[in-house]
Amino acid sequence: MKKKEKIAHITIKRPELLNALNMEARRGLAKAWADVRDDPEVWVAIVTGAGEKAFCVGQDLKEVGQLLGGGDALTYSAQAPLPEVDPLLYLEVWKPFIVVINGIATGAGLELALACEL
């Protein structure tokens with residue numbers, strides 16, 4: 001995250017994987033969201049994805065497979081949840097977030113976009 005004047009710029013930086021969200025990226029987003037919430041010098045945040053092809057294609061399914069013990073991500077089900085709760089689900093922020101959808105936005109990437117105000 002970069003801050004300039006009263007604006008925080010949050011970028012998902014995994015362009016080689018179309019900005020798929022792994023647990024590290026999710027934790028980074030949660031930290032950035034909380035930082036925006038807690039910094040009185042920041043008035044608004046802009047969220048985007050690195051690269052030119054995708055904003056965010058959602059969950060990193062290769063990582064899901066690894067977290068499930070090498071199992072196939074396509075067999076992932078509610079009976080085998082990820083080991084951590086999505087950190088963005090419980091953050092309440094009153095400041096506006098603007099999303100710049102610069103390409104594909106599917107799955108959790110679309111959810112992230114919909115969590116923004118504009």
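A crossover is right-handed if, with the strands pointing away from the viewer, the path from the first strand over the helix to the second runs clockwise. The model on display is predicted, and the tour begins with a unit to which this definition applies.

**The β-α-β unit**

Select strand β2, helix α1 (residues 23-38) and strand β3: together they make a right-handed β-α-β unit. Next, restrict the selection to β2 and β3 (residues 44-49), which pair in the parallel sense over six bridges. To find a point of reference in this pairing, display I7, which stands opposite V44 in β3.

**The hairpin**

Now select β1 (residues 2-4) together with β2. These two strands pair in the antiparallel sense over three bridges. Within the pair, K2 stands opposite H9 in β2. Two residues lie between the strands of this hairpin, and E5 takes a positive phi near 55° there.

**The two faces of β2**

Show the side chains of residues 7-12, which form β2. Which residues make up the covered face of β2, and which the uncovered one? A8, I10 and I12 belong to the covered face, whereas I7, H9 and T11 belong to the uncovered face. In a regular strand the side chains alternate between the two faces of the sheet. I7 and H9, shown earlier opposite V44 and K2 respectively, are thus both to be found on the uncovered face.

**The second largest pocket**

Turn next to the second largest pocket, which holds about 240 Å³ of space. Of its 13 lining residues, select T11, I12, K13, A25 and G28, the closest to its centre. β2 and α1 each supply at least two residues of the lining, and α1 gives the most, with five residues. Colouring the lining by residue class shows seven nonpolar, three polar and three charged residues.

**The surroundings of Q59**

The last stop is Q59, in the loop between β4 (54-56) and α2 (61-67). Is Q59 buried or exposed? Q59 counts as buried because its relative accessibility is 18%, and the cut-off for buried is under 20%. With the side chain of Q59 displayed, add L21 and R26. A polar atom of the Q59 side chain lies 3.2 Å from the backbone oxygen of L21. The side chains of Q59 and R26 are joined by a polar contact of 3.0 Å.

How values were computed
Residues are numbered from 1 along each chain as its sequence is written. This is a predicted model: local features need pLDDT of at least 70, side-chain atom pairs count only at pLDDT 80 or more; totals for chains, interfaces and linings use all residues. Side-chain values use heavy atoms; hydrogens and water are left out. Buried means under 20% relative accessible area, exposed over 50%, partly exposed in between (1.4 Å probe, protein chains only). Helices (H or I, at least four residues) and strands (E, at least two) are DSSP runs, numbered from the N terminus. Two strands pair if DSSP finds at least two bridges between them. On a 1 Å grid over the protein atoms alone, a cavity is a set of points where a 1.4 Å probe fits but cannot get out, and a pocket is an open set with protein on both sides within 12 Å along at least five of seven lines; lining residues have an atom within 4 Å of a point. Grid points are joined across faces, edges and corners, and a volume is the space filled by probe spheres set on the points. Ala, Val, Leu, Ile, Met, Phe, Trp, Tyr, Cys and Pro count as nonpolar, Asp, Glu, Lys and Arg as charged, and the others, Gly among them, as polar. A polar contact is a pair of N or O atoms within 3.5 Å; within protein, one must be able to donate a hydrogen and the other to accept it, and residues adjacent in sequence count only if both atoms are side-chain atoms.
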